[in-house]
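Colleague: Please take a close look at how the two copies are arranged and where they meet. After that, go through the helix packing inside the chains.

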Number of protein chains: 2
Amino acid sequence: MSDKVCVVGSVAFDSIETPEGRADDVLGGASTYFSVAASFFAPVNMVGIVGSDFPEQEKDFLASRGINLDGLVEAEGETFRWHGRYHENMNVRDTLDLKLNVFEHFAPELPQSYRDSEFVFLANIQPSLQARVLEQLVGPKFVGADTMDHWIEESRDELLALLANVDLLSINDSEAALLSGTGNMVGAAKRVLEMGPDHLVVKRGEYGALQFSSDDVFAVPAFPLETVIDPTGAGDTFAGGLFGSLAEAGEINKKSLRRAVVYGSVVASFTVERFGMERFKSLTRDDIERRYGAFMALTDFHGD
Amino acid sequence: MSDKVCVVGSVAFDSIETPEGRADDVLGGASTYFSVAASFFAPVNMVGIVGSDFPEQEKDFLASRGINLDGLVEAEGETFRWHGRYHENMNVRDTLDLKLNVFEHFAPELPQSYRDSEFVFLANIQPSLQARVLEQLVGPKFVGADTMDHWIEESRDELLALLANVDLLSINDSEAALLSGTGNMVGAAKRVLEMGPDHLVVKRGEYGALQFSSDDVFAVPAFPLETVIDPTGAGDTFAGGLFGSLAEAGEINKKSLRRAVVYGSVVASFTVERFGMERFKSLTRDDIERRYGAFMALTDFHGD
């Protein structure tokens, strides 16, 4: 029986424009993307807030993935909405509109049934809220967190206090540079590991990911895709696959971590093939295993 | 007995400024970097042109690496000189000064002893000169080429004519995008392979390399380095390690190609640790094998 994963973060409706087209008001948010990705590996306890406009059919979709929605609070008002547009190369995006709505007063409260979750992921929200969630948990086995440039710059002290209690930080390369003060990722990792986490995972988009631990460095390329429709959610599904795989393994060691980073990469590679969460409506664990095998074939230079 | 590698390209003196310091009038040029890198694996026949200012001690260094200098022509005048400055992140550089000098009238003529070289690399020079070299060879086993944005834009027809006779094209990602018309590397590879080459290697600097063949895709990350002093020559030593390793293997197959791409990455990772060719003055094949092992450890997620 797999360990349980608990995740806290945003739930949103996204309107997304990319060079490949557009999608309006599709289900998004870090907590949602993470939960769906992790659900292929382990039971997921999802925490978030939605407005009274949140449709039953979206809850049905999440429930169909086996995700526990006891911690998905419905508040008076509208759900968080984001409207963004990606540049031609898809590595850069502009936020055209952002309405926090009910998310502005998000004060996560874990249902009693969530409090013994073994694997916890604090997606990108205010560090003081991430800390508040940690306090409500009873001795989690492994805690991960994400953050962003805004908190690194504006809430650095709260973030550093949080990092002292985090086992794995999963951020992108520009965030790692901002947090550490160096753009060299080996140097950045040394400094971040000194801040508390035992592991740093650096997401590099189409270039893959690096995982640094005190005694290990692991690098995996991104899966080369001919069709990239929408990068939204790639980082959150990467973290979801990573934590789902770790919870399924139930233990943290060099092998389980490396496999988890690859599973994260696999799941993220599916995410970007369609708008929003579209790809996850038909994805199966078999699809994931097949692409995991393709990752082996992509990177292996040991055998014949 | 290893097959022989023949390379044609520039020989230069570089003045290099990076955030880590500067080096003035150090030995450089694509033919030079390639030859030194390949010399750790196979006999190298080097083709190039230098001025009457080219010091004996530089020839001695090249000869000490076992490189055949019969094709290194000395002409009246000065050797090619380049002065460049790298930006803070080392991915971008500006050319501050460039004097072609004797290189301007380079018309490569292969010594008789070079003409049966089995492995040939046409480093980045005018495509018509690359073709001229090919014509002088007697049935080479495997031909590689590099090029740059200038030739892709200004000499496209000559370049396409050359590519019909090239087995492997080794270029960076922006060149692949420019040549193919798409920034998606899977799509770019399809189009480049239709132009003639059986293999495309896309160099991505600190992110590693991709190798595309009609029936294979291979990805390798760059070795994460804490110390990056000078990126000059990384791409040329990558190609040198790649072709040296292929010549040592003597045959082209999925396994020898993948190993060669990793050896190229290994050699390039040493290049950037010092200014110019400094690192190669003390480098040994044992150093290379140790880092090849470190690459295995960096990328493996199959074993325990």
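Modeller: A turn of 180 degrees and a shift of 0.0 Å along the axis lay chain A on chain B with an RMSD of 0.0 Å, the copies being superposed by least squares on the C-alpha atoms of residues with pLDDT of at least 70 in both. That is the relation of a two-fold axis. This is a predicted model, in which local features need pLDDT of at least 70 and side-chain atom pairs count only at pLDDT 80 or more, while totals for chains, interfaces and linings use all residues. Residues are numbered from 1 along each chain as its sequence is written, and chains are lettered from A and ligands numbered from 1 in the order in which they are written.

The contact between the chains draws 28 residues from chain A and 28 residues from chain B; two residues are in contact if their C-beta atoms, placed from the backbone, lie within 7 Å. On the side of chain A that touches chain B, the elements giving two or more residues are α7 (185–194), β13 (216–220), α9 (254–271) and α10 (285–299) of chain A. Helices (H or I, at least four residues) and strands (E, at least two) are DSSP runs, numbered from the N terminus. The most comes from α9(A), with 4 residues. By class, this side of chain A has 15 nonpolar, 7 polar and 6 charged residues, where Ala, Val, Leu, Ile, Met, Phe, Trp, Tyr, Cys and Pro count as nonpolar, Asp, Glu, Lys and Arg as charged, and the others, Gly among them, as polar. Of the interface residues of chain A, 100% are also interface residues in chain B, so the copies meet through the same surface.

Chain A itself has 10 helices and 13 strands. Its radius of gyration is 18 Å, close to the 19 Å that the globule rule gives for 304 residues, so chain A is as compact as a globular protein of that length. The radius is taken over C-alpha atoms, and the rule is 2.2 Å times the number of residues to the power 0.38. The C-alpha trace of chain A spans about 55 × 40 × 40 Å along its principal axes.

Now the helix pairs. In chain A, helix α6 (residues 173–180) packs on α7(A) at an angle of about 60 degrees, with the axes 9 Å apart; axes are lines fitted to C-alpha atoms, for helices over the stretch in contact, and angles run from 0 to 180 degrees between N-to-C directions. α6(A) and α7(A) are therefore oblique to each other: angles under 35 degrees count as roughly parallel, over 145 as roughly antiparallel, 65 to 115 as roughly perpendicular and the rest as oblique. Residues A:D173, A:A176, A:A177, A:L179 and A:S180 of α6(A) meet A:M185, A:G187, A:A188, A:R191 and A:V192 of α7(A). That contact has 6 nonpolar, 2 polar and 2 charged residues.

In chain B, helix α9 (residues 254–271) and helix α10 (residues 285–299) pack at about 115 degrees, their axes 9 Å apart, and α9(B) and α10(B) are therefore roughly perpendicular to each other. From α9(B), B:V262, B:Y263, B:S265, B:V266, B:V267 and B:S269 meet B:I288, B:R291, B:Y292 and B:F295 in α10(B). By class this contact has 7 nonpolar, 2 polar and 1 charged residues.

Also in chain B, the axes of helix α3 (residues 127–135) and helix α5 (residues 156–163) come within 8 Å and cross at roughly 30 degrees. α3(B) and α5(B) are therefore roughly parallel to each other.
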